[in-house]
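Here are a few exercises to try with the model open. Have a go at each one before reading its solution.

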Amino acid sequence: MGLSRDCETGHHIYKKNHDVTKTRKGKTDQLLRVDDHDFTMRPAFGGPAIPVGVDVQVESLDSISEVDMDFTMTLYLRHYWKDERLSFPSTTNNSMTFDGRLVKKIWVPDVFFVHSKRSFIHDTTTDNIMLRVFPDGHVLYSMRITVTAMCNMDFSHFPLDSQTCSLELESYAYTDEDLMLYWKNGNESLKTDEKISLSQFLIQKFHTTSRLAFYSSTGWYNRLYISFTLRRHIFFFLLQTYFPATLMVMLSWVSFWIDRRAVPARVSLGITTVLTMSTIITGVNASMPRVSYIKAVDIYLWVSFVFVFLSVLEYAAVNYLTTVQERKERKLREKFPCTCGIPHSKTMMLDGNYSESDANSLAGYTRSQMVPEEEKQEKMVVHLAMSNASNSPRKRGLKGHMGLRIIQNTHAIDKYSRLIFPGTYIFFNLIYWSVFS
């Protein structure tokens, strides 16, 4: 409402000003002639296919889900076509810009995303839609969309893998005889924000392609592809998976240096490493889809698990052979209780816990009588070299002619395992990283 003063009468007279929006709306309707045409029909209906150019600007690549095998992308989708029904006279050749309210009154391409799971047009604070009409009838139709689409991933090289995903655009109703979709500027039709980044992936490249898609019931359709290649960052998995698994394998080798008679220490160490490897394998598979093929990380973890498990079996073998050897020893001692008075050199087996008086009391036993020839255990061996002339003072002869050979109480299997296990595991790592990296 406007207020004006009538100078002649001196009274206040309220006058209703002219509604500019109504005037502009009337001019717009007159220029575009929206009500004069049936916009349920495509432009040039009955004639050749209408070309619709497309270009895309990717705003963000929001997430990649291995479990759901999909990705989420936010983009600006723009369409270009010509509709002579929207042409209007203009002396300045300036275009007119409208928001989403006019889109509901005119014809627009019915492009949809193939293999999409969810998608929406942003509507804060209003619908993010822009329509720009030029005097000759050319139209620019732009919208801001977030779409979640399917991506068929191959995890055979996971986590040393690269994935290629595609966002596919296609007309839903119009075949290639009615509507021809094409990339407006070829490879330049796709623009990306330089700040796009993902936590687990390195975006290597974006590119565009197009081809025809056939449906047996409806015919051929033009389909546009936005393809991008991602390479996974390996450092996260090195810290969370590979490095802990390698440490567990190396920790299992510690048992080869522990005394074979320390049963609780070696058994508890082996069981702990086996359970830890099982936890690592379970944690990795929990965050992955249940695929029916073997992944690269599965090969590494299961081979590491086998190494840890074999270290437990190695001690089981050592413990069993030790028990068998001790049983044979006991039987031999029972069979040959004592042979005293032998004047020549004698050999006795001690396990390192006997005193000198014990050695003197057992000096009459020969090595052949106490220990079988095939025994491979390494204990403290005391050679009692006694000459025929000095046999009477036994204590003096023991001190003067006894030589001690002290060797660590280790089984031969442990000695070989110290070399075989690390060497084999290093060889496996060389092959693994050369094949998958």
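**Exercise 1.** Where in α9 does a kink lie, and of about how many degrees?

Solution. This is a predicted model, so to speak: local features need pLDDT of at least 70, side-chain atom pairs count only at pLDDT 80 or more, and totals for chains, interfaces and linings use all residues. Residues are numbered from 1 along each chain as its sequence is written, and side-chain values use heavy atoms, with hydrogens and water left out. Go to Arg418: the kink is there, at about 25°, shortly before the proline Pro422. The bend at a residue is the angle between axes fitted to the seven residues ending there and the seven starting there.

**Exercise 2.** Work out what span α9 should have, and check it against the model.

Solution. Start with the 25 residues, 412-436. The expected span is 1.5 Å times one less than the number of residues, so α9 should cover 36 Å. Now take the end C-alpha atoms: they sit 36 Å apart, which agrees.

**Exercise 3.** Which helices do the buried residues of α9 pack against?

Solution. First pick out the buried residues (under 20% relative accessible area, 1.4 Å probe, protein chains only). Among them are Arg418, Phe421, Pro422, Tyr425 and Phe428. Then look for contacts (heavy atoms within 4.5 Å). The partners are α3 (235-252), α4 (263-286) and α5 (296-335).

**Exercise 4.** Find residues that touch the most other members of the largest nonpolar core, and list neighbours of Leu75.

Solution. A nonpolar core is a set of buried Ala, Val, Leu, Ile, Met, Phe, Trp, Tyr and Cys residues joined through side-chain atoms within 4.5 Å. The largest has 78 residues, and those touching the most other members include Val56, Phe71 and Leu75. Leaving out residues up to four places away in sequence, Leu75 touches residues including Val58, Phe113, Met143 and Leu167.

Conventions:
Helix = DSSP H or I, 4+ residues; strand = E, 2+ residues; numbered from the N terminus. Buried < 20%, exposed > 50% of the residue type's maximum accessible area, 1.4 Å probe, protein only.
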